[in-house]
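Grab a pencil and let's work through a few exercises together. Each one comes with a worked solution.

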Amino acid sequence: GTLATSVAGAGKLTLKDNQIVVVFEGEVDSATANNKDNYTLNGKVLPTGTTVEYRQADIVGDTTKEKFVLITLPDNTISLTGGQDFTVQNVANKQGNKMMPVADVITLADNTAPVIKAIEVNASNKITLTFSEDVDIDSSITSDIMNQLGRNFVITANGKTVGLLNAVAAGKKLTITTADNFATSSLDVPVTVQIKKNSDGD
């Protein structure tokens with residue numbers, strides 16, 4: 001088996017950041033190719049929820065029909081963008097002869113949601129959130145910032161849900177300005193933040 005980055009065929013399949021293609025030469029026993037236990041990522045079995053699909057199509061840049069497996073990893077399973085150790089083994093041909101193990105380094109993208117590690121009230125209308133990883137927000141368009149905030153956060157301060165006005169990201173910190181003052185005599189007020197997914201799953 002070998003690894004590929006894109007496949008042409010019905011719909012000219014383009015791989016997503018959480019997908020892997022393994023290309024096989026010659027006859028393949030589809031049952032062994034579809035067996036999730038025959039693939040490991042960083043020395044471990046593939047995560048629960050991974051799908052393994054045996055297919056046949058034209059590989060981009062190759063004129064011959066090839067047999068391949070499309071592996072799709074579920075959300076919240078890749079915690080670091082970059083090289084990952086991937087191994088294929090025990091896939092057999094129709095006579096039962098098993099392939100030698102093939103190992104390679106593949107590139108996958110982080111698909112885990114950031115986790116809030118700390119909440120700090122800076123002013124009567126300002127809150128800083130510290131996340132488990134760097135955060136990014138488009139600060140060039142104010143209306144877009146408000147849309148992003150509304151899609152992704154529900155903030156309750158001092159017992160009331162507050163409107164969100166603006167935000168500035170720096171590294172793992174996101175400082176949010178609220179539309180209303182939620183603290184009066186003291187900044188020691190209870191604050192909760194709910195992270196929600198938008199329609200794109202972000």
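Here are three exercises, after a short note on the model.

This is a predicted model, in which local features need pLDDT of at least 70, side-chain atom pairs count only at pLDDT 80 or more, and totals for chains, interfaces and linings use all residues. Residues are numbered from 1 along each chain as its sequence is written, and side-chain values use heavy atoms, with hydrogens and water left out.

**Exercise 1.** Find the aromatic pair and say which strands it ties together.

Step 1: Ring centres of Phe, Tyr and Trp (its six-membered ring) must lie within 6.5 Å; planes under 30 degrees apart count as stacked, over 60 as edge-to-face and the rest as tilted. The structure holds one such pair.

Step 2: Tyr39 and Phe86 are stacked, at 6.2 Å centre to centre with 20° between the planes.

Step 3: Tyr39 sits in strand β4 (residues 39-41) and Phe86 in strand β8 (residues 82-88), so the pair ties together parts 47 residues apart in sequence. Strands here are DSSP runs of E, at least two residues, numbered from the N terminus.

**Exercise 2.** Is Thr177 buried or exposed?

Step 1: Buried means under 20% relative accessible area, exposed over 50%, partly exposed in between (1.4 Å probe, protein chains only).

Step 2: Thr177 has 17%, so call it buried.

**Exercise 3.** Work out which strands stand at the edges of the open sheet with the order β13-β12-β16.

Step 1: Two strands pair if DSSP finds at least two bridges between them. β12 (residues 153-157) and β16 share five, in the antiparallel sense.

Step 2: β13 (160-161) and β16 (191-195) are the edges, each with a single partner strand, so one side of each has no neighbour in the sheet.

Conventions
Helices (H or I, at least four residues) and strands (E, at least two) are DSSP runs, numbered from the N terminus.
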